[in-house]
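The following paragraphs lead the reader through a single structure, step by step. Please keep the sequence and the three-dimensional view at hand while reading.

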Amino acid sequence: ALNECLTLTDSETALFKRFLYKLNSVFIHDKGFKVLKQIQKSISRFKTINIQDTVTRFEEQHSLSLNSSQFIHVAPRPVYEHLLIRIQGSARLLAQTLCYCHAYGLIVLQKVQQSHFININIISMGFAARFWYIYIF
């Protein structure tokens with residue numbers, strides 16, 4: 001499930017970057033555009049964490065094994081703490097991304113009610129909603 005989420009994120013991020021590049025000159029001082037840039041930053045930071053490789057590498061190196069004397073060999077405590085810190089950091093980043101998506105949704109609702117750039121706001125809200133959906137599930 002995590003692998004599918006990351007591949008969806010890669011394709012969505014590529015489209016999102018192109019969309020933001022097109023809007024940069026017109027909406028550079030817009031409040032909503034700044035929130036979109038924050039969404040893009042947090043997604044790129046999440047991708048650099050590469051949590052799936054960290055967990056996979058940990059599973060390969062530190063699997064539980066029973067030897068003939070029935071002792072269990074596990075990894076040292078700092079290794080587990082490091083893994084938990086990485087997982088907590090990525091969860092915090094995802095939570096922050098969801099907060100940005102929610103804040104952007106509120107901004108877009110205000111703009112749509114005022115009839116400002118409705119087509120651009122709807123498209124950008126679609127991006128934020130897709131990222132929100134991908135990270136929720």
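How many helices and strands does the protein chain have? The model shown here is a predicted one, and its protein chain has 5 helices and 2 strands. Read from the N terminus, the elements follow the order α-α-α-β-β-α-α. The chain has 137 residues, and buried residues make up 31% of them.

The helices may be taken next, beginning with the way in which they pack. Helix α4 covers residues 77-113, and its packing against α2, α3 and α5 can be described in turn. Helix α2, which spans residues 31-49, packs with α4 at an angle of about 160°, the two axes being 9 Å apart. That angle makes α2 roughly antiparallel to α4, because angles over 145 degrees count as roughly antiparallel. The crossing of these two helices, α2 and α4, is left-handed.

Helix α3, made of residues 51-61, also packs with α4 at an angle of about 160°, and here the axes are 10 Å apart. Helix α3 is therefore roughly antiparallel to α4. The crossing of α3 and α4 is left-handed. Helix α5 comprises residues 118-136. The axes of α4 and α5 come within 9 Å and cross at roughly 155°, so α4 is roughly antiparallel to α5. For α4 and α5, too, the crossing is left-handed.

The loop between α4 and α5 deserves separate attention for its backbone. Most residues other than glycine have a negative phi. Which sign does phi have at S115? The phi of S115 is positive, at about 60°, although this residue is not a glycine. S115 lies in the loop between α4 and α5. F117 lies in the loop between α4 and α5 as well, and its phi is near 45°, a positive value in a residue other than glycine. F117 counts as partly exposed because its relative accessibility is 49%, and partly exposed residues fall between the limits of 20% for buried and 50% for exposed.

The discussion now turns to charged side chains. Side chains of opposite charge can pair when their charged atoms come close. How many salt bridges does a search of the whole structure find? The search finds 4 salt bridges, and three pairs are described here, D10 with K47, E12 with R130, and K111 with D30.

In one of the salt bridges, the side chains of D10 and K47 meet at 3.3 Å, N to O. This pair links distant parts of the chain, since D10 belongs to helix α1 (residues 2-27) and K47 to helix α2, 37 residues apart. D10 counts as partly exposed because its relative accessibility is 40%. K47 is likewise partly exposed, with a relative accessible area of 32%.

Another salt bridge joins the side chains of E12 and R130, with a distance of 2.8 Å, N to O. E12 lies in helix α1 and R130 in helix α5, so the pair ties together parts that are 118 residues apart in sequence. Is E12 buried or exposed? E12 has a relative accessible area of 12% and is therefore buried, the cut-off for buried being under 20%. R130, at 36% relative accessibility, counts as partly exposed.

The side chains of K111 and D30 also meet in a salt bridge, at 2.3 Å, N to O. K111 is in helix α4 and D30 in the loop between α1 and α2, and the pair links these distant parts of the chain, 81 residues apart. K111 is buried because its relative accessible area is 16%. D30 counts as partly exposed, with 22% relative accessibility.

The last feature to examine is on the surface. Which residues make the nonpolar surface patch of about 330 Å²? The patch is made by W132, Y133 and I136. Of these, Y133 has its place in helix α5. Helix α5 thus appears in several parts of this account, as the place of Y133, as the helix that holds R130 of the salt bridge with E12, and as a partner of α4 in a left-handed crossing.

Conventions: Residues are numbered from 1 along each chain as its sequence is written. This is a predicted model: local features need pLDDT of at least 70, side-chain atom pairs count only at pLDDT 80 or more; totals for chains, interfaces and linings use all residues. Side-chain values use heavy atoms; hydrogens and water are left out. Patches are made of residues with over 30% relative accessible area and no salt bridge: like charges are joined within 9 Å, nonpolar side chains (Val, Leu, Ile, Met, Phe, Trp, Tyr) within 5 Å. Accessible areas come from the Shrake-Rupley method with a 1.4 Å probe; for residues, only the protein chains shown count as cover. Helices (H or I, at least four residues) and strands (E, at least two) are DSSP runs, numbered from the N terminus. Buried means under 20% relative accessible area, exposed over 50%, partly exposed in between (1.4 Å probe, protein chains only). Axes are lines fitted to C-alpha atoms, for helices over the stretch in contact, and angles run from 0 to 180 degrees between N-to-C directions. Angles under 35 degrees count as roughly parallel, over 145 as roughly antiparallel, 65 to 115 as roughly perpendicular and the rest as oblique. A crossing is left-handed if the near helix is turned anticlockwise from the far one by less than a right angle, and right-handed if clockwise.
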